[in-house]
Amino acid sequence: MDVAYIRRWREDITACLDRLLPGFEVRFGYPPGRHTIGGPAREQELASLAGMRPPDDLLAWYRQVREVSLPDVGNGYFIHYPGLVLHREVTSIRGRFTADVVVFASDGGGTLFAVEAVTGSPVYRLPAGETVASVYRSDDPRFDVVATNLTEILDRLRDTVEVFAATGAPGDL
């Protein structure tokens, strides 16, 4: 993942928020929360992530964007800051899929998003399920692969934000 891609992604999301937030309260009946796209993660945070074997693309992302908070887009979408990634309960998945993972994002409904450790491919959607000894298990059919890699899930998130800004339709990752 290159810096130019991340810069364009940030610009696209910012443009969507610039269209969405003015008049938000009139349109939706409540004031918007704080929507943020943070600056780069600190080197100490990046070094701490190394033990989790994060994929290179996730580290490249965090070198440019520490966190994203979009609380009013649909049910909310959040790309977690490195400190939260480090303390996530889930580090592997078993059952329909078996992999060591790094949970890096969530929605406002309790669904987590995890990328396979080391390779960065694929990205999994983890709806509420059982977690024992850091192993996630679920029979929920929503427990699935949602993207081939981090870039694809970021593109899908950008598209979801664009549709929400234009129509108010919540979309789904």
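Thr 131 counts as partly exposed, because its relative accessibility is 24% and the class of buried residues ends under 20%. The model is a predicted one. Thr 131 belongs to strand 8, which covers residues 130-132. Its C-alpha lies 7.7 Å from that of Glu 89, although 42 residues separate Thr 131 and Glu 89 in sequence.

Arg 10 also counts as partly exposed, because its relative accessibility is 24%. This residue sits in helix 1, which spans residues 3-20. A second pair of C-alpha atoms was examined here. Arg 10 and Thr 148 are 138 residues apart along the chain, and their C-alpha atoms are 21 Å apart.

Internal space was examined next. Rolling a probe the size of a water molecule over the atoms shows where empty space is left. A search of the whole structure returned one cavity of 30 Å³ or more. The volume of the largest cavity is about 90 Å³. Three elements each give two or more residues to its lining: strand 3 (77-79), strand 5 (99-107) and helix 6 (150-167). Among the lining residues are Tyr 77, Phe 78 and Ile 79. Phe 104, Ala 105 and Ser 106 also line the cavity. So do Ile 153, Leu 154 and Leu 157. The lining is completed by Phe 113 and Leu 173. By class, 10 of the lining residues are nonpolar, one is polar and none is charged. The polar one is Ser 106, because Ser is not listed among the nonpolar or charged types.

Helix 6 was then considered in its own right. It has 18 residues. From first C-alpha to last it reaches 26 Å, close to the 26 Å expected at 1.5 Å a residue. Its buried residues are Leu 150, Ile 153, Leu 154, Leu 157, Arg 158, Thr 160, Val 161, Phe 164 and Ala 165. Seen down the helix axis, these buried residues fall within an arc of 160°, so they line one face of helix 6. An α-helix has 3.6 residues a turn, so residues three or four places apart point the same way. Ala 166 and Thr 167 are exposed on the other side of helix 6. Ile 153, Leu 154 and Leu 157 are buried in helix 6 and also line the largest cavity.

Both ends of the helix show local features. At the N-terminal end, Asn 149 acts as a cap for helix 6. One of its side-chain oxygens lies 3.2 Å from the backbone nitrogen of Thr 151. Just after helix 6, Gly 168 adopts a positive phi of about 85°.

Technical notes
Residues are numbered from 1 along each chain as its sequence is written. This is a predicted model: local features need pLDDT of at least 70, side-chain atom pairs count only at pLDDT 80 or more; totals for chains, interfaces and linings use all residues. Side-chain values use heavy atoms; hydrogens and water are left out. On a 1 Å grid over the protein atoms alone, a cavity is a set of points where a 1.4 Å probe fits but cannot get out, and a pocket is an open set with protein on both sides within 12 Å along at least five of seven lines; lining residues have an atom within 4 Å of a point. Grid points are joined across faces, edges and corners, and a volume is the space filled by probe spheres set on the points. Helices (H or I, at least four residues) and strands (E, at least two) are DSSP runs, numbered from the N terminus. The expected span of a helix is 1.5 Å times one less than its number of residues. Buried means under 20% relative accessible area, exposed over 50%, partly exposed in between (1.4 Å probe, protein chains only). The arc is that of the directions from the helix axis to the C-beta atoms. A polar contact is a pair of N or O atoms within 3.5 Å; within protein, one must be able to donate a hydrogen and the other to accept it, and residues adjacent in sequence count only if both atoms are side-chain atoms.
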